[in-house]
Amino acid sequence: MSSDAVKKRKPKVIRNESGTPETKRGRAEGDQVTYPAGPHLIGQRKPFTVKNQDVRVYNEEVELEVRDPQQDYMLYKNTCAALAKLMAEIQELKAGGAKVGSVEIEERRTQCSVHFITLKKLNRLAHMRLKKGRDQTHEAKQRVDVLHLQLQNLLYEVMHLQKEIGKCLEFRSQHEEIELVSEEEFFQEAPAEISRPHVTRDDQHQLTLARLDWELEQRKRLAEQYKMSLARKEKIQKAIEQKREYLSSLQPGLQNIMQASLPVQEYLAIPFEHMQKQAEVARHLPPPLYVLLVQAGAYGQACDKNLSVSIRGDVDEAKALSRPPEDSQDDESDSDAEEEQQNTKRRRATSGVQLDDKRKEMLRRHPLSLCVDLKCKDGSVLHLFFYYLMNLNILTVKTKVSTSADLSGAVSAGELLNSESLLNCLYASDHGKETPNPANRYQFDKVGITTFGDYVSDLGHPYVWVQKLGGLQFSSGGAQSGLTGSALSASHMERTMKLLRGRLQARLALHKQFSSLEHSIIPVSSECQHLFPAKVVSGLMRWTLMSHQEFTELGFVQHVLKAGLVHETDLFFMAAVERGTARLLAAVVMNPRYPEVAPLFSLSLHWKGERSGRTDDNLRAMESEVNVFRSELQGPRPGLQLLTNQIQRLCVCLDVYLETESQVCDGSEGPKEFPREKMCLRTARGPSRLKPFKYNHPQGFFSHR
């Protein structure tokens, strides 16, 4: 069969996807179109009349409604399988030598074309189903949107109605704000023409109106009384002004009387004017400084006439600081903001500058401070300057010493009266390097402050005893006394003032002793002469000050360091005692609480080699003489001669050590370098051959302990 015959047999189909077959109007009126029935492709035909003739039109949309998608899917799979089979057969025929135009190939090609048409139809149906599904989905969405919009409108109307209902329920009449008299009082006091009991007792509305009428009558009467009171007030004010003018005229005369009485006040030691001015300024002190002022002044008046307290600082700045902010600041806020914005445009501050400003503000001191002066009998004065850090809520103290004599001679005494270390460890372990307020740690973290010790040279030391004198007590690991404010300050005032005076006297005594020690003179008072023999040959050759680093580098003090007996707040000195070729080095550790805590001596002897207390039992015994038996060297109270007595005892022990030691090691005869001058009952005792270092007075001999 040729391709022309196949084309003639192909049925003609009029597609009506859009409605009317407009493209076929040119056909003859008497022609009738027929539609062959192909397998699986015959759709729903819709008959209509074309010039009195019955014509059937093929409409795929109508067919889509009655077709099953699952059957179309199976048809699609079968068609694809048949098409693949036909293609394989054509390939086999061509491989077997069949020609291109042969009947077998043409038949299979025709069948393939029919299958392709089927696939196209299925494709169109799938697209139509997709379009139909989308249209249905869009219509459903539109319906949902319309319903949602209606719901929103209804909810808005409900909310609006609820607001209106709430306003109505919350409405309060102005008469409800008026405090009316009680009903019992109203019926008792109001006249019958206003109260009308026969009406108002049963009608709440009429009762309210009657009570309002009675309130109006009362207010009218009170307004008349108010006018009369104002007139009487004006008369009284005029009388007060007249008396005030009279008192003002008396003030110049009173001032002259006060000026004339100043010599009498000074002679009687009753400074009324000074006390009055100080009381006026004291009102602007912060609470901790005010507590300290009151308690220190009370203690000075009652127990210590040599203690005086005064207020220093800028009073005007303190007044401005304590004055509440004015309303004018709010009015000027806009102009300040504009000025700040202009300054920001000119110069943008860096984060470092902002941090510095925050630190300065946090460490800001109150404009007023207290100065407490402690006078001693020798004329020296200890000046204590107390400051209050407002944002940290702590007190700090700075010191200064004034003496009548010149104290610049002793080089080794330079640290004794140093304001940074003078009050260290006034109480045990109170170094004053860190703030005692635990809350300050979190404040420092915000502004980048690692330790408060970097600022104590400028702000002062925040000792714990300073906080207690101001009535401040912070929670810590130790036990709390339970006292606060003035009671806490009063409980520590007396002991603290005695410790401060004792510290000053001890440092001044050490200063004088150091001046003599630097000149190789050991000052021994007459009260302590009986502690030593009349003749002491060994003498002090050198007395110098050492730093903590230099002390730790010494080899013969390592056992003291390991024992934890040395702290950075201690003072360190080196003493050299010599006799002949023997030289004794003594490293001295002096605690700030001297003489309550005795100095600690570590010895090293350079004679026929080097030996120390760790290698020589006798040197260890010498260390015990000055360290362990220090109570014998205390002297008269308060024991200010302890250090010089220890050094003198060290010279005596060196004499005993050298005189009782064999001078000739090889057994040869000859003169001894250190002839025996001390009387000893026994020169040595025990396996360790300890020497007699204990001096017995008044017998004058040495014995073992």
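The legends below describe close-up views of a predicted model of one protein chain.

**View 1. The whole chain, with its helices and strands.** The predicted chain holds 23 helices and 13 strands. Of its 705 residues, 34% are buried. Among contacts with a separation of 6 or more, 63% join residues that lie 24 or more positions apart. The exposed surface of the chain comes to about 44,300 Å², and 53% of this is supplied by carbon and sulfur atoms.

**View 2. The five-stranded sheet E7-E8-E9-E10-E11.** The five strands form an open sheet in this order, with antiparallel pairing. Strands E7 and E11 (610-612) are at the edges and have a single partner strand each, so one side of each lacks a neighbour in the sheet. From one strand to the next, the twist averages 20°. Strand E10 (residues 600-606) and E11 run antiparallel and are joined by three bridges. Ser 604 has Ser 612 in E11 as its bridge partner.

**View 3. Helices that pack on the five-stranded sheet.** Helix H19 (residues 485-517) packs on the sheet and touches E7, E8 and E9. The direction of H19 makes about 125° with that of E7. Helix H23 (residues 642-660) lies across E7, E8, E9, E10 and E11. With respect to E10, H23 runs at about 30°.

**View 4. Strand E8 and its two partners.** Strand E8 covers residues 571-579, and eight of its nine residues are buried, so the strand is largely enclosed by the rest of the structure. The cut-off for a buried residue is under 20% relative accessible area. Strand E7 (residues 539-546) runs antiparallel to E8, and seven bridges join the two. In this pairing, Gly 539 stands opposite Glu 578 of E8. Strand E9 (residues 582-590) also pairs with E8 in the antiparallel sense, over nine bridges. Here Ala 575 is opposite Ala 586 in E9. E8 and E9 form a hairpin with two residues between the strands, and in this hairpin Gly 580 takes a positive phi near 65°.

**View 5. Glu 550 in helix H20.** Is Glu 550 buried, partly exposed or exposed? Its relative accessibility is 41%, so Glu 550 counts as partly exposed. The residue lies in helix H20, which spans residues 548-552. The side chain of Glu 550 reaches the backbone nitrogen of Ser 547 at 3.3 Å. Glu 550 and Phe 573 are separated by 23 residues in sequence, and their C-alpha atoms are 10.0 Å apart in space.

**View 6. Strand E4 between E3 and E5.** Seven of the eight residues of strand E4 (residues 368-375) are buried, so E4 is largely enclosed by the rest of the structure. Strand E3 (residues 307-313) runs antiparallel to E4, with seven bridges joining them. Arg 312 has Ser 369 in E4 as its bridge partner. E4 pairs with strand E5 (residues 381-389) in the antiparallel sense over six bridges. Val 372 is opposite Leu 384 in E5. In a regular strand, side chains alternate between the two faces of the sheet.

**View 7. The turn between E4 and E5.** How many residues lie between the two strands of this hairpin? The hairpin of E4 and E5 has five residues between them. Gly 379, in the turn, has a positive phi of about 95°.

Technical notes: Residues are numbered from 1 along each chain as its sequence is written. This is a predicted model: local features need pLDDT of at least 70, side-chain atom pairs count only at pLDDT 80 or more; totals for chains, interfaces and linings use all residues. Side-chain values use heavy atoms; hydrogens and water are left out. Helices (H or I, at least four residues) and strands (E, at least two) are DSSP runs, numbered from the N terminus. Buried means under 20% relative accessible area, exposed over 50%, partly exposed in between (1.4 Å probe, protein chains only). Contact means heavy atoms within 4.5 Å. Accessible areas come from the Shrake-Rupley method with a 1.4 Å probe; for residues, only the protein chains shown count as cover. Two strands pair if DSSP finds at least two bridges between them. A polar contact is a pair of N or O atoms within 3.5 Å; within protein, one must be able to donate a hydrogen and the other to accept it, and residues adjacent in sequence count only if both atoms are side-chain atoms. Axes are lines fitted to C-alpha atoms, for helices over the stretch in contact, and angles run from 0 to 180 degrees between N-to-C directions.
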